[in-house]
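Colleague: I would like a close look at a single part of this model, with the cut-offs stated as you go. Please begin with one residue and widen the view from there.

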Amino acid sequence: MAGAKYPWKVAWITGASGAICGEIARRLAAAGVTIAATARPGGKLDQLAAGGEGIKAYPADVLRPDELKATVAKIESALGPIDLALLGAGMYAPFDIRNIDLDGFHRSMALNVDGVINAVAAALPSMLARKSGHIAIMGSLFGYAGWPENGSYGASKAAVINLAESLKLELEGTGVAVTIINPGFVDTPLNAAYDPKKKLYVMSKERCARKILEKLGGKPYEIAFPTQVELFLKTVRSLPRALSFPLIRWFARMMQG
Ligand SMILES: NC(=O)c1ccc[n+]([C@@H]2O[C@H](COP(=O)([O-])OP(=O)(O)OC[C@H]3O[C@@H](n4cnc5c(N)ncnc54)[C@H](OP(=O)(O)O)[C@@H]3O)[C@@H](O)[C@H]2O)c1
């Protein structure tokens with residue numbers, strides 16, 4: 001039976017052992033949606049599956065396309081077609097222009113970008129064949145505009161925002177919906193290395209999951225919050241560079257205190 005509150009019977013969630021997507025998995029499962037939870041094998045994923053009725057663990061590494069294809073085939077043969085693919089596996093790497101952490105940059109781009117397209121490539125064929133499905137990608141407000149000290153994470157999230165736009169345009173008329181989800185700071189282990197003084201409008205994972213699920217069932221193209229940060233970044237982004245760069249510099253300095 002489809003969850004009464006939501007239009008999906010089966011949701012595949014990558015990054016399900018993490019803070020935000022774990023919270024979403026638990027909330028959806030409690031509402032009757034069957035969850036296929038993916039993260040790398042280990043304790044965190046097992047804990048999630050053990051703690052939630054309707055959550056089944058399908059361990060896989062999103063950096064391995066063939067493993068993801070096999071995982072999707074396993075899920076669909078055991079649970080039925082994937083109605084929602086929520087792609088949330090991600091990481092943050094600090095970025096210091098004077099000492100660039102190339103490994104961190106490459107790992108972020110791989111996980112935050114390749115990990116997303118690998119999962120899309122695995123889930124999309126059966127959605128297209130059924131003319132039905134929903135792909136939701138976890139981006140970030142940081143993908144809207146370049147920000148000092150955020151070269152790794154921001155670049156990777158800008159890439160998935162652009163990717164989601166392409167998918168949205170190409171999938172129109174196929175029955176497959178696309179949503180990009182761009183939250184601001186959430187209090188999770190992901191951004192523990194980010195200077196706490198520079199984190200604005202931090203929300204809990206519970207609030208973040210609630211705000212996503214309030215809208216996701218309506219399959220909008222974009223979910224972004226907090227609104228004031230979303231509007232600031234979108235406005236700044238659309239200004240001529242002669243105005244946008246000083247504004248961002250001023251704002252970033254103000255945050256340093
Ligand atoms: N926290 C924030 O402030 C914030 C804000 C906006 C957007 N987001 C985005 O929201 C998503 C979730 O963030 P979060 O804060 O909840 O992160 P998190 O708690 O650190 O979770 C990250 C998830 O990614 C999984 N993962 C890492 N490498 C993987 C791999 N190779 N294959 C499969 N899974 C892998 C982790 O699982 P294992 O380690 O168990 O494999 C974990 O489930 C990310 O895309 C993030 O960029 C976060």
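Which residues does A209 touch, not counting residues up to four places away in sequence?

Modeller: A209 touches I20, E23, I24 and R27 once residues up to four places away in sequence are set aside, where a contact means heavy atoms within 4.5 Å. Before going further, note that this is a predicted model, in which local features need pLDDT of at least 70 and side-chain atom pairs count only at pLDDT 80 or more, while totals for chains, interfaces and linings use all residues. Residues are numbered from 1 along each chain as its sequence is written, and side-chain values use heavy atoms, with hydrogens and water left out.

A209 itself lies in helix α6, residues 205-216; helices (H or I, at least four residues) and strands (E, at least two) are DSSP runs numbered from the N terminus. A209 counts as buried because its relative accessibility is 0%, the scale being buried under 20% relative accessible area, exposed over 50% and partly exposed in between, with a 1.4 Å probe and protein chains only. The C-alpha atom of A209 is 10.0 Å from that of V186, a residue 23 places away along the chain.

The partners of A209 lead to helix α1, residues 19-30. Its twelve residues should span 16 Å at 1.5 Å a residue, and the end C-alpha atoms are 17 Å apart, which agrees; the expected span is 1.5 Å times one less than the number of residues. The buried residues of α1 are I20, C21, G22, E23, I24, A25, L28 and A29, so I20, E23 and I24 appear both in that list and among the contacts of A209. As a general point, an α-helix has 3.6 residues a turn, so residues three or four places apart point the same way. After α1 comes G32, with a positive phi near 100°.

A second helix, α5, can be read in a similar way. Its 21 residues, 151-171, reach 30 Å from the first C-alpha to the last, close to the 30 Å expected at 1.5 Å a residue. S152, Y153, G154, S156, K157, V160, I161, A164, L167 and L171 are the buried residues of α5, and what covers them includes α4 (102-130), β5 (133-138) and β6 (176-183). Just after α5, G173 takes a positive phi of about 85°.

Strand β6 holds V178, which counts as buried because its relative accessibility is 3%. Leaving out residues up to four places away in sequence, V178 touches H134, I135, A164, L167, K168, L171, P220 and Y221. The C-alpha atoms of V178 and I135 are 4.9 Å apart, although 43 residues separate the two in sequence.

By contrast with V178, D46 in helix α2, residues 43-51, counts as partly exposed, because its relative accessibility is 45%.

For the whole protein, the secondary structure comes to eight helices and seven strands. The radius of gyration is 18 Å, close to the 18 Å that the globule rule gives for 257 residues, so the protein is as compact as a globular protein of that length; the radius is taken over C-alpha atoms, and the rule is 2.2 Å times the number of residues to the power 0.38. Of the 257 residues, 49% count as buried, and among contacts between residues at least 6 apart in sequence, 65% join residues at least 24 apart.
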